[in-house]
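Me: I'm just starting out with protein structures, and I'd like to look closely at a single part of this one. Could you walk me through it slowly?

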Amino acid sequence: MNIIFLGPPGAGKGTQSKLLEAHYGIAQISTGDMLRAEVAAGSPLGLKVKSIMASGQLVPDDLIIALIEARIDRPDCAKGFILDGFPRTRAQAEALDSMLKKTGRHIDLVLLLDVDEDALADRIAGRFTCAKCGEGYNDLYKRPKVEGTCDVCGGHEFVRREDDRRETVAARLKAYREQTAPILPYYEQHGRLCHIDGMADIDDVTKQVFAAVDGITKK
């Protein structure tokens with residue numbers, strides 16, 4: 001089972017991908033993590049990526065596709081994979097399909113987390129974490145049981161990510177609409193796109209995701 005997870009920043013793709021990975025035994029693949037790992041390893045491909053990133057340029061699609069091709073050949077992808085963060089454009093989607101076809105694979109399902117952007121901006125802007133243990137909280141949905149004290153470790157210092165500021169979130173959502181949303185018709189016309197209500201509770205979202213995957217595996 002090979003799956004793509006789509007949705008704007010902060011929609012919950014990472015959380016749901018991890019749950020899918022654990023439940024079905026398929027590997028979660030983050031292109032960002034792969035790029036950083038190659039650079040850290042100092043591989044020939046990593047050195048090439050490092051020089052491109054150092055010059056402020058975007059990593060070319062063909063290099064990312066090559067990274068994915070090498071990654072899905074590893075044993076932990078024997079049962080399938082979940083792509084989180086790729087593709088972002090129609091050209092990438094077409095290149096991915098072409099590469100997979102050569103390796104005898106294909107994308108079975110594309111899960112799209114549908115969200116209300118205003119509510120999502122509130123959700124993201126409200127995030128903060130314990131500086132000591134990393135436990136996550138939210139101004140709207142999950143405050144510490146004792147104000148100013150972490151429920152897990154008892155720490156009293158909390159931090160917020162710079163890119164969680166409302167104006168930054170708005171820019172990221174705009175970029176998503178302009179860059180990624182146009183690939184949705186590509187997957188829809190091939191009958192692979194499944195809409196998930198991303199504004200539901202996490203457990204409800206998980207139930208929807210599992211139901212969509214089970215529906216494919218039973219075909």
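Me: Which residues is cysteine 153 in contact with, leaving aside its neighbours within four places in sequence? Please start there and then show me the part of the chain around that cysteine.

Reply: Happy to! Keep in mind that this is a predicted model. Leaving aside its neighbours within four places in sequence, cysteine 153 is in contact with Cys130, Lys132 and Cys133. Cysteine 153 itself has its place in the loop between strand E6 and strand E7 (158-159). Is this cysteine buried or exposed? The answer falls in between: its relative accessible area is 29%, so cysteine 153 counts as partly exposed.

Now turn to one of those partners. Cysteine 133 has its place in the loop between strand E5 (127-130) and strand E6 (136-138). With 38% relative accessibility, cysteine 133 is partly exposed. Its contacts, again leaving aside neighbours within four places in sequence, are Cys150, Val152 and Cys153.

These cysteines also turn up in a record. UniProt lists Cys130, Cys133, Cys150 and Cys153 under "binding site", in an unreviewed entry. They are spread over 24 residues of sequence, yet they cluster in space, with a largest C-alpha distance of 8.7 Å.

Let's step back to the stretch around them. UniProt, in an unreviewed entry, places the feature "domain: Adenylate kinase active site lid" at residues 127-163. In the model, the end C-alpha atoms of residues 127-163 lie 11 Å apart. The span is 24% strand and 0% helix.

Next, have a look at the aromatic rings here. A pair of aromatic rings is described by the distance of the centres and the angle of the planes. The structure holds five aromatic pairs. One of them joins phenylalanine 128 and phenylalanine 158: the ring centres are 5.6 Å apart and the planes are at 80°, so the pair is edge-to-face. Because phenylalanine 128 lies in strand E5 and phenylalanine 158 in strand E7, this pair ties together parts that are 30 residues apart in sequence. Phenylalanine 128 is buried, at 7% relative accessibility, whereas phenylalanine 158 is partly exposed, at 24%.

Phenylalanine 158 has another ring partner. Tyrosine 137 and phenylalanine 158 also form an edge-to-face pair, with 5.8 Å from centre to centre and 80° between the planes. Tyrosine 137 lies in strand E6 and phenylalanine 158 in strand E7, so the pair ties together parts that are 21 residues apart in sequence. With a relative accessible area of 4%, tyrosine 137 is buried. Taken together, ring pairs link Phe128, Tyr137 and Phe158 into a cluster. There is a charge to spot here as well: the charged end of lysine 142 sits over the ring of tyrosine 137, 5.3 Å from its centre.

So, when you turn the model on your screen, try finding two groups in this stretch. One is the set of cysteines that cluster in space, Cys130, Cys133, Cys150 and Cys153. The other is the ring cluster of Phe128, Tyr137 and Phe158, with the charged end of lysine 142 over the ring of tyrosine 137.

Definitions and conventions. Residues numbered from 1 in each chain as written. Predicted model: local features only at pLDDT ≥ 70, side-chain atom pairs only at ≥ 80, totals over all residues. Heavy atoms only, no water. UniProt positions renumbered as here; feature names shortened; annotations may be inferred. Helix = DSSP H or I, 4+ residues; strand = E, 2+ residues; numbered from the N terminus. Buried < 20%, exposed > 50% of the residue type's maximum accessible area, 1.4 Å probe, protein only. Contact = heavy atoms within 4.5 Å. Phe/Tyr/Trp six-rings, centres within 6.5 Å; stacked < 30°, edge-to-face > 60°. Lys NZ or Arg CZ within 6 Å of the ring centre and 35° of its normal.
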